[in-house]
Amino acid sequence: MSTPSRTPQDLELPCHLAKLRLGTDAAFLFDCAELVATGPATTTRADDVFQAQARRLASYASTLQPGLAIDDIYAHALVRKTDILSGHRMRAFIAAPVWGSEGQTVAVLCAADTKARRWQAADLIDMQQIIAQTEGLHLSQF
């Protein structure tokens with residue numbers, strides 16, 4: 001039996017679930033190729049800058065288990081002032097890696113808010129549960 005192919009809607013599901021469960025402004029699913037290809041934002045559209053900032057922070061989270069939670073990017077030791085992109089709107093960020101069948105990181109599911117917020121341990125658990133729930137969509141086979 002062949003593996004069912006993923007549709008764009010399949011890949012949007014974990015992002016939609018993350019936004020709903022965590023009550024955030026945005027959620028993204030970046031595969032490892034997208035994380036390696038990070039660079040300065042080439043556009044000034046607010047949404048593109050927001051996504052570029054999330055991608056940069058997701059690259060930090062790609063090796064962390066259970067993930068990374070930043071209550072306020074302005075006060076977090078991982079974020080240098082030079083990492084904060086001009087025009088961004090992000091203040092809070094949470095991410096969990098998606099592990100492949102051989103234990104490698106294949107993607108990162110993340111969510112972000114425009115306001116600082118205090119993440120709870122349960123929020124990272126929610127991210128892991130979303131990944132597990134959508135595993136049937138073959139997210140770990142990027």
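**Exercise 1. Find the salt-bridge partner of Arg91, and state how far apart the closest N and O atoms are.**

Step 1. Arg91 forms a salt bridge with Asp72, and the closest N and O atoms of the pair are 2.6 Å apart; a salt bridge here is a side-chain nitrogen of Lys or Arg within 4 Å of a carboxyl oxygen of Asp or Glu. The two residues, Arg91 and Asp72, are 19 residues apart, and each is placed in the loop between E2 and E3.

Step 2. Arg91 is partly exposed, with a relative accessible area of 26%, where buried means under 20% relative accessible area, exposed over 50%, and partly exposed in between, with a 1.4 Å probe and protein chains only.

Step 3. Before going on, note that this is a predicted model, in which local features need pLDDT of at least 70 and side-chain atom pairs count only at pLDDT 80 or more, while totals for chains, interfaces and linings use all residues. Residues are numbered from 1 along each chain as its sequence is written, and side-chain values use heavy atoms, with hydrogens and water left out.

**Exercise 2. Work out how many salt bridges the whole structure holds, and describe the pairs formed by Asp71 and Arg117.**

Step 1. A search of the whole structure finds 3 salt bridges.

Step 2. One of them joins Asp71 to Arg118, with the closest N and O atoms 3.2 Å apart. This pair links distant parts of the chain, since Asp71 lies in the loop between E2 and E3 and Arg118 in the loop between E4 and H4, 47 residues apart. Asp71 counts as partly exposed because its relative accessibility is 26%, whereas Arg118, at 63%, counts as exposed.

Step 3. Arg117 forms a salt bridge with Asp113, and here the closest N and O atoms are 2.8 Å apart. Arg117 is partly exposed, with a relative accessible area of 23%, while Asp113 is buried, with a value of 8%.

**Exercise 3. Describe how strand E3 pairs with strands E2 and E4, and decide whether E3 is enclosed or not.**

Step 1. Strands (E, at least two residues) and helices (H or I, at least four) are DSSP runs, numbered from the N terminus, and two strands pair if DSSP finds at least two bridges between them.

Step 2. Strand E2 (residues 68-70) runs antiparallel to E3, and 3 bridges join them; the partner of Ile70 in E3 is Phe93.

Step 3. E3 also pairs with strand E4 (residues 105-113) in the antiparallel sense, over 8 bridges, and Pro97 stands opposite Val108 in E4. E3 and E4 form a hairpin with 5 residues between them, and Gly103 in the turn has a positive phi of about 85°. Most residues other than glycine have a negative phi.

Step 4. Of the 8 residues of E3 (residues 92-99), 7 are buried, so the strand is largely enclosed by the rest of the structure.

**Exercise 4. Identify which elements supply the largest nonpolar core, and which residues have the most contacts inside it.**

Step 1. A nonpolar core is a set of buried Ala, Val, Leu, Ile, Met, Phe, Trp, Tyr and Cys residues joined through side-chain atoms within 4.5 Å.

Step 2. The largest such core has 19 residues, and Phe93 and Cys110 are those with the most contacts inside it. Strand E1 (26-31), helix H3 (46-61), E2, E3 and E4 each supply at least two residues of this core, and the largest share, 5 residues, comes from H3.

**Exercise 5. Compare the expected and modelled span of helix H4, and state which of its residues are buried and which are exposed.**

Step 1. The expected span of a helix is 1.5 Å times one less than its number of residues. For the 13 residues of H4 (residues 121-133) this should be 18 Å, and the end C-alpha atoms are 19 Å apart, which agrees.

Step 2. The buried residues in H4 are Asp123, Leu124, Asp126, Met127, Ile130 and Ile131. They cover an arc of only 150° around the axis, which puts them on the same side of H4; the arc is that of the directions from the helix axis to the C-beta atoms.

Step 3. The face of H4 turned away from its buried side carries the exposed residues Ala121, Ala132 and Gln133.
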